[in-house]
Amino acid sequence: MTHIPLEHVLFLSCILFSIGFIGVISRKNTLFMLMSLEVMLNAVGVAFIGAGSAWQQADGQVMFILILTLAAAEVAVGLALFIRMQRRYHSLDIDQLNEMRG
Amino acid sequence: MSTFMLSALPFYPLVSFILLITLGKRLSWQQASFLSVGAMALSAISSGVLVYQLSQSNMHVFTAQLWSWFSLKSNTGTTDVNFTFYLDALSSVMICVVTGIGFLIHLFAAVYMKSDENFSRFMAYMNLFIVAMLILVLADNLVLLYLGWEGVGLCSFLLIGFWYQEKGNVLAARKAFIVTRIGDTAMAIGLFMLFKSLGQLNIVAVSEAAQASWQVGNNDAYWIALLLLGGAVGKSAQLPLQTWLPDAMAGPTPVSALIHAATMVTAGVYLIARMHGVFLLAPEVMQYVAWVGASTLLLAGVAALVQTDIKRVLAYSTMSQIGYMMLALGAGAWSAGVFHLMTHAFFKALLFLTAGAVILALHHQQNLFRMGGLLKRLPVESTLFIIGLICLMALPGTSGFFSKEAIIAELWSSSTAGPSLWWCAIIGALLTSIYSCRLFFLAFLGKERFETQLHIEKSKLLRMSLIILAALSLLGGLISLNLQEVFAVVSTKVVNMNEPSWLHTVAILTPFIGIAFSWFFFSRYRLGENNEIVAKQNSIYKFLRNGLGFDTLYQWLLIRPYCFIAKLNQRDIIDQVIMLNAWYVRLWHDTLSMTQNGSLRWYAAAFGLAIVCLVGVVTL
């Protein structure tokens, strides 16, 4: 098994995180926003795994499982919200939910 | 006993006012008129009794302290300003006029205003007016006098604008209020100066302190007297603040009789008579008083010659008669001035009320050129009106004769008046008789120039009040006023002055000359051969009819520039400076609230940017 340097892992994680973030702010559809959020979470997960393997510690994998659980719970809540949103506004466009503007 | 009666005097109408204003329309006509007229009857009777007691007792003065009001610190100690009434010979004349004439006018008004839906409000204001006037004349200090003074102004505002549904009436009320307020401000400043220099506000104490500490011609006395004259000029409708009085005829006719003939406009005369101790120390101001009186007398006389409205003729004649009183005061003929005040109250109330009866009979027609021939149709009213007019013209034997001759007799040899003012008074008398004749010819002689059926009021109350006033007008000259102890110090007569022997003859003959002149000059009005007599319409007549253009003058001189500045400064400049703070806060508010646009993506982007910046700052 070839050794992958930690810098490469962190670089990948950064790229994934940026892609996810750009997805969150550029997408209008909330479903895609949620998916982009997942990408961001996974980017963080990659960083944890990479760091865990670099230092030969199990903590990184523990953290990843935690993030995975969190993501599952978040998706459950998020999808429930989207159903309500679809019922109420008949669309999933996030820009229509701007009623709380100052 | 007399102390109690004195202190209770203004409270009868006050209680009636409170009841009428609170119960309002729940009272029937009988109840409301019984209350208000009854209160007036009570105060008229008690003032009669008071004056009788005053003349019988060996004291010259009754005082009644109701309660302490406040005290002021001055450089000479503290001065108490109390709610104290002070009755001497001068104020007893005034309370008799106010309550006596006031009672008769209330009696008339109860019938005249019977069909008005706001009858009880009207009577309430009339009562309140009497309260204010009584406080004014009974006050023993100048602050209390000022309270009554302002109360009178308020009531005149309320009563002129009584029929407030019509815009003209409201404007007239506003005009009266604002114009008299100018005079009141002058008077208030005068009172401040008086207190500052003498440290006294009690009227008797002020007179004594002034005599003791000032020389004749003292600068303080000059300014204080001048400012008090300003107040008197405003209230008594003299030049240059006379413009409100003709417009004030917008009120119901009893109001014109009560406020603008018999009582309120005499407040200025009363003030000067009351403060004669100060005025005597400022002979220059006394000359101003005389000249103000004389010029108003002539101006109003000329304006009365061309009026078309019966009430406006009487309004201008009131101004000119008050001018006589001012002239008398300026000449130092205090008693004559106050005497004329009293007789004028009698006959002017009579004239106004009779005019009211005529107007009522003609269904509120006030235009003289729409009357005519009323002598045959309304014989009683016509006779009463003739009585009023001959008193106004001062024909020998009437009350007006005694008082006006008393004034004219003192003018020639007075040091503050003199022959030129005597001639003014004579010309004024001539004008008075001419406009009186014109009024009489137009309204009562000639052919009938109205189409409507006459509305004859058969009320005995109405007739009775008119007949009592007529009797007073005719016989009022026999009342001898004993004002010596009030005006004891007075002598402005130049001792070595020779009066020509023809003075009195001329003064007595003048009204007859006026009558003879108008008999021929106004023969067209008298005979009324053609049915259509119209008022002349050329520009000179218009100029005279509008009171010699004073309204236009003030319009251009004061009102227009004022409105222009007000318009210019519509957004108050000082306000704008203060508003800068608000704008600053507003700007930040707008900027910050722009960031709260409710868009989740925008927030997320801002969040990311902030993190990038933060990380950048920390790492670099």
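**A friendly note on the predicted model**

1. Let us start inside chain B. Helix 15 of chain B provides the largest share of the lining of the largest cavity, namely 3 residues. Please keep in mind that this is a predicted model. The largest cavity has a volume of about 90 Å³, and the count of cavities of 30 Å³ or more comes to 3.

2. Which residues line the largest cavity? They are Q242(B), T243(B), P246(B), D247(B), L299(B), R312(B), Y316(B), M319(B), N546(B), G547(B), F550(B) and D551(B). Two or more residues of this lining come from each of helix 10 (244-247), helix 15 (310-330) and helix 25 (550-568) of chain B. By class, the lining of the largest cavity has 5 nonpolar, 4 polar and 3 charged residues.

3. One of these lining residues, G547(B), makes a good stopping point. You will find G547(B) in the loop between helix 24 (539-545) and helix 25 of chain B. Its relative accessibility is 6%, so G547(B) counts as buried. Beyond its neighbours within four places in sequence, G547(B) is in contact with A303(B) and Y316(B); Y316(B) is also one of the residues that line the largest cavity. In sequence G547(B) and Q307(B) are 240 residues apart, while their C-alpha atoms are 9.1 Å apart in space.

4. Now for the largest pocket, where both chains appear. The space in the largest pocket comes to about 780 Å³. Its lining has 31 residues, and V24(A), M33(A), L37(A), L600(B) and A604(B) are the closest to the centre. Chain A contributes two or more residues from each of helix 1 (6-26), helix 2 (30-55) and helix 3 (59-89), and chain B does so from helix 27 (600-619). Which helix gives the most to the lining of the largest pocket? That is helix 27 of chain B, with 8 residues. Sorted by class, the lining of the largest pocket has 23 nonpolar, 6 polar and 2 charged residues.

5. It helps to step back and look at chain B as a whole. Chain B contains 27 helices and 2 strands, and its C-alpha trace spans about 120 × 65 × 50 Å along the principal axes. Of the 620 residues in chain B, 56% are buried. Among the contacts in chain B with a separation of 6 or more, 81% are between residues 24 or more positions apart.

6. For a helix pair to view on screen, try helix 4 (residues 89-112) and helix 5 (residues 119-138) of chain B. Their axes come within 10 Å and cross at roughly 175°. Angles over 145 degrees count as roughly antiparallel, so helix 4 of chain B is roughly antiparallel to helix 5 of chain B. On the helix 4 side, the residues in contact include S91(B), M94(B), I95(B) and V98(B), and on the helix 5 side they include F119(B), F122(B), M123(B) and M126(B). The contact between these two helices has 15 nonpolar and 5 polar residues, with no charged ones.

7. A470(B) is another residue to visit. A470(B) sits in helix 21 (residues 460-475) of chain B. Is A470(B) buried or exposed? At 5% relative accessibility, A470(B) counts as buried. Not counting residues up to four places away in sequence, A470(B) touches L350(B), L384(B) and I387(B). A470(B) and V285(B) are 185 residues apart in sequence, and their C-alpha atoms are 36 Å apart in space.

8. The loop between helix 9 (219-235) and helix 10 of chain B deserves a look at its backbone. P240(B) lies in this loop, and a cis peptide bond with omega of about 0° joins L239(B) and P240(B). A237(B) is found in the loop between helix 9 and helix 10 as well. A237(B) is not a glycine, yet its phi is positive, at about 55°. With a relative accessible area of 0%, A237(B) is buried.

9. Finally, here is a backbone point in chain A. H90(A) is in the segment after helix 3 of chain A. Its phi is near 55°, which is a positive value in a residue other than glycine. What is the relative accessibility of H90(A)? It is 63%, so H90(A) counts as exposed, whereas A237(B) is buried.

Terms used:
Residues are numbered from 1 along each chain as its sequence is written. Chains are lettered from A and ligands numbered from 1 in the order in which they are written. This is a predicted model: local features need pLDDT of at least 70, side-chain atom pairs count only at pLDDT 80 or more; totals for chains, interfaces and linings use all residues. Side-chain values use heavy atoms; hydrogens and water are left out. Axes are lines fitted to C-alpha atoms, for helices over the stretch in contact, and angles run from 0 to 180 degrees between N-to-C directions. Helices (H or I, at least four residues) and strands (E, at least two) are DSSP runs, numbered from the N terminus. Angles under 35 degrees count as roughly parallel, over 145 as roughly antiparallel, 65 to 115 as roughly perpendicular and the rest as oblique. Contact means heavy atoms within 4.5 Å. Ala, Val, Leu, Ile, Met, Phe, Trp, Tyr, Cys and Pro count as nonpolar, Asp, Glu, Lys and Arg as charged, and the others, Gly among them, as polar. On a 1 Å grid over the protein atoms alone, a cavity is a set of points where a 1.4 Å probe fits but cannot get out, and a pocket is an open set with protein on both sides within 12 Å along at least five of seven lines; lining residues have an atom within 4 Å of a point. Grid points are joined across faces, edges and corners, and a volume is the space filled by probe spheres set on the points. Buried means under 20% relative accessible area, exposed over 50%, partly exposed in between (1.4 Å probe, protein chains only).
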